[in-house]
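Please read the points below with the structure open beside you, and look up each residue as it comes. They concern charged groups on the surface, one helix and its ends, and a nonpolar patch.

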Amino acid sequence: MHVAESHMELALQCAANVRGFTSPNPPVGAVLVNDNRVVSTGSTQPAGGPHAEIQAINSAGDLATGAILYVTLEPCCHYGRTAPCTEAIISAGIREVHIATNDPNPIVSSKGIKQLQSAGIKVYLGELKDEADQMIEAHSKFILEKIPFITTKFAMTLDGKIATKTNDSKWISGESSRKHVHELRSFSDAILIGINTLLLDDPRLTVRLGNDSQHYNQPLRVIVDSNLKVPFDAKVFSEPGKNLIATLKESEKSHKIQTLYKNTEIVIVPEHNGRVDLDILMRKLGEREITSLLVEGGSEIFGSFFDLHLVDKVLVFLAPKIIGGSESLSPIGGRGVDMISKGLTLKNLSHEKFEDDLVITGYVARR
């Protein structure tokens, strides 16, 4: 591996270390190198805290002068919650900056680079760009469209089933796959299910990764519940983190839930075909600065998201099991399409094994 790429790889690892904690800012990593030696690293802190570049500069002290900076995202050049990173880089006397990818924010894009170049700093762009783009994929969509980046994930058998005809689904995937799902949750601002999944499974919808779970992000739990069927003793009410229940109208029950459970917000959403309008719900989540949403099911919710072309990324946990049965549940409900040629196509496919399960990841190709 080229020396510059090895330093950028370290910067990407610094970014990965804070995934789930920086929203609505993207996770960014920075590395300062002086005299061929890494002198400091930095990672974006929670919103309002220092950016990765500032952390690295502050940690390096005098060693920042004459150093080379490797950063996964173009340094900001405007005043937001914090001062511009470009000004700090210039003031620190850094002589060279390597940037993995441009900032998608029109306020910054290419302007940060030009500001550094105008100060006489050499700038190199594009080392490990694909990896850096993936790291900020949620931020990129949110900053341009003001709605979350939406990932659907489901586990299914080789014959394409997510539950038996009796609705039994525990467990299709193995323990290693389920641990990975908790990691995915910890990277997400919010996770979403429909009311049928809650009534059937009463899930906790939390991040549970052993004894260190308290150190992980607990995403907002979003429950789509058009007619407010959620029972008062649902587990989500007593779990750490917050709930948002999307329903069609205010009621005595909605007021009582919010009175009883301070971690729960009821949001009234206009209806579409008698159900919560998911397009409007996504905009409401965007207004709350939810940049990434993990949709966990069930079949009808998945179908609605796919029918409305809301999905950006798909993860399928494929287990080496066969259920059979014409009444067993398939992962995607909804209307579907009437012609194969109209079906959604996935691109940029990748796969990974978790014990006996195969996890396939792809991005929805936009027509």
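1. A patch, as the word is used here, is built from residues that have over 30% relative accessible area and no salt bridge, with like charges joined when they lie within 9 Å. The model is a predicted one, and in it Glu5, Glu9, Asp130 and Glu131 form a negative patch on the surface. Two helices, α1 (3-16) and α5 (129-135), each contribute at least two residues to this negative patch.

2. Is Asp130, a member of helix α5, buried or exposed? Asp130 has 60% relative accessibility and therefore counts as exposed, since the exposed class begins over 50%.

3. Helix α5 also holds a salt bridge, in which the side chains of Asp133 and Lys129 meet with N and O 3.0 Å apart. Because these two residues stand four places apart in α5, about one helical turn separates them. In general, an α-helix has 3.6 residues a turn, so residues three or four places apart point the same way. Asp133, at 28% relative accessibility, counts as partly exposed, and Lys129, at 37%, is also given as partly exposed.

4. The structure holds 11 salt bridges, and another of them joins Lys170 to Asp201, whose closest N and O atoms are 3.9 Å apart. This pair links distant parts of the chain, for Lys170 sits in the loop between β6 (149-157) and α7 (175-187), while Asp201 belongs to helix α8 (residues 195-201), 31 residues away. Lys170 counts as partly exposed at 46% relative accessibility, and Asp201 counts as partly exposed at 29%.

5. In the salt bridge between Glu96 and Arg95, N and O are 3.7 Å apart. Glu96 counts as buried because its relative accessibility is 11%, whereas Arg95, at 46%, counts as partly exposed. Elsewhere, Lys141, Asp312 and Arg366 are linked in a network of salt bridges.

6. Helix α10 (residues 278-287) has as its buried residues Leu278, Ile280, Leu281, Met282, Leu285 and Gly286. At the N-terminal end of α10, Asp277 acts as a cap, with a side-chain oxygen 3.0 Å from the backbone nitrogen of Asp279. After α10 comes Glu289, which has a positive phi near 60°.

7. Finally, Leu346, Leu349 and Ile360 form a nonpolar surface patch, with about 240 Å² of accessible area together. Ile360 lies in strand β16 (residues 357-364), and at 30% relative accessibility Ile360 counts as partly exposed.

Key:
Residues numbered from 1 in each chain as written. Predicted model: local features only at pLDDT ≥ 70, side-chain atom pairs only at ≥ 80, totals over all residues. Heavy atoms only, no water. Patch = residues over 30% accessible without salt bridge, like charges linked within 9 Å, V, L, I, M, F, W, Y side chains within 5 Å. Areas by Shrake-Rupley, 256 points an atom, 1.4 Å probe, with all protein chains shown as cover. Salt bridge = Lys/Arg side-chain N within 4 Å of Asp/Glu carboxyl O. Lys, Arg positive; Asp, Glu negative; His and termini not counted. Charge placed at Lys NZ, Arg CZ, Asp CG, Glu CD. Buried < 20%, exposed > 50% of the residue type's maximum accessible area, 1.4 Å probe, protein only. Polar contact = N/O pair within 3.5 Å; in protein donor to acceptor, adjacent residues only side chain to side chain.
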